[in-house]
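I opened this entry to record what I looked up in the model, step by step. I wanted to begin with how a pair of helices lie against each other and then widen the view.

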Amino acid sequence: MWSLGIIFFISEWAWLAIAIFMALPVILIFLFTERAALFFADHLFTIGIVYFSVALILALVLYFTQKKRWKPLIFPAVLLTVLPMFLALTLYLAPFEIMEPGIDPIIDFLL
C-alpha cells in the first residue's frame with residue numbers, strides 16, 4: 001500500500017552493487033592508511049622536517065599576533081605541543097598500521 005511508504009523492488013545484483021558501493025570507502029581507507037603509514041615510516045626524516053616547519057610557522061604567526069608578555073613562551077609551547085604528537089605517530093601509530101593495516105590502530109591511537 002502506498003500509505004505505508006514506497007518499497008523498492010530490485011534484483012539481487014542491484015543489492016550486491018549497492019553493498020560494493022557502500023564498502024568502497026572503507027576499502028579506500030584501508031588502502032590509504034597502510035600506504036600512508038609505509039610512506040611515513042620510509043620518509044621519517046623528511047616528514048619530521050615538514051612537521052616541525054609547520055610548527056615553526058604556527059609559532060611565528062602566534063609570535064607576531066600576541067602581546068609582548070607571552071612572546072618568550074610561544075616557541076617552547078608550540079614545540080612542546082607538537083613534539084609528543086610527532087613521537088606518538090612515529091613510535092606508535094606507524095608501526096601498528098604497518099603490521100595491521102586498517103582502522104583499528106587509528107581508533108586505538110585516538111583512544
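**Entry 1: H2 against H3.** I began with orientation, and I noted that H2 and H3 are roughly antiparallel to each other, because their axes cross at roughly 155 degrees and angles over 145 count as roughly antiparallel. The model I am reading is predicted, and in it the axes of H2 and H3 come within 9 Å. I also looked up the handedness, and found that H2 passes H3 in a right-handed crossing. Sorted by character, the residues of the contact of H2 with H3 divide into 20 nonpolar, two polar and one charged. On the H2 side I listed the participants, including Leu 44, Ile 47, Gly 48, Tyr 51, Phe 52, Ala 59 and Tyr 63, and on the H3 side I listed residues including Lys 71, Ile 74, Phe 75, Val 78, Phe 86, Leu 89 and Thr 90.

**Entry 2: Lys 71.** I then turned to one residue of that contact, Lys 71, which lies in helix H3. Leaving aside residues up to four places away in sequence, I found that Lys 71 touches Tyr 63 and Gln 66. I also looked up its separation from Ala 59, and the two are 12 residues apart in sequence and 9.6 Å apart in space, taken from C-alpha to C-alpha.

**Entry 3: H1 against H3.** Next I asked at what angle helix H1 and helix H3 pack. I read an angle of about 125 degrees, with the axes 9 Å apart, for H1 at residues 12-42 and H3 at residues 71-99. H1 and H3 are therefore oblique to each other, and H1 passes H3 in a left-handed crossing. For the contact itself I wrote down that Thr 33, Glu 34, Ala 37, Leu 38, Phe 40 and Ala 41 in H1 meet Phe 86, Leu 89, Thr 90, Ala 94, Glu 97 and Ile 98 in H3. The residues of this contact divide into eight nonpolar, two polar and two charged. I noticed that Phe 86, Leu 89 and Thr 90 of H3 are listed in the contact with H1 and are also listed in the contact with H2.

**Entry 4: Thr 33.** Is Thr 33 buried or exposed? I found a relative accessible area of 10%, so Thr 33, which is found in helix H1, counts as buried. I also looked up Thr 33 with Pro 105, and they are 72 residues apart in sequence but 9.8 Å apart in space, C-alpha to C-alpha.

**Entry 5: the whole chain.** Last, I stepped back to the protein chain, which has four helices and zero strands and follows the pattern α-α-α-α when read along the sequence. Buried residues make up 16% of its 111 residues. Among contacts between residues at least 6 apart in sequence, I recorded that 54% join residues at least 24 apart. On confidence, the mean pLDDT of the chain is 76, and 87% of its residues reach 70 or more. I noted that confidence is highest in helix H2 (residues 44-65), at a mean of 83, and lowest in helix H4 (residues 104-110), at 71.

Note on methods
Residues numbered from 1 in each chain as written. Predicted model: local features only at pLDDT ≥ 70, side-chain atom pairs only at ≥ 80, totals over all residues. Heavy atoms only, no water. Axes fitted to C-alpha atoms, helices over the stretch in contact; angles between N-to-C directions. Helix = DSSP H or I, 4+ residues; strand = E, 2+ residues; numbered from the N terminus. Parallel < 35°, antiparallel > 145°, perpendicular 65-115°, else oblique. Left-handed = near helix turned anticlockwise from the far one by under 90°. Contact = heavy atoms within 4.5 Å. Nonpolar A, V, L, I, M, F, W, Y, C, P; charged D, E, K, R; others polar. pLDDT = per-residue confidence, 0-100. Buried < 20%, exposed > 50% of the residue type's maximum accessible area, 1.4 Å probe, protein only.
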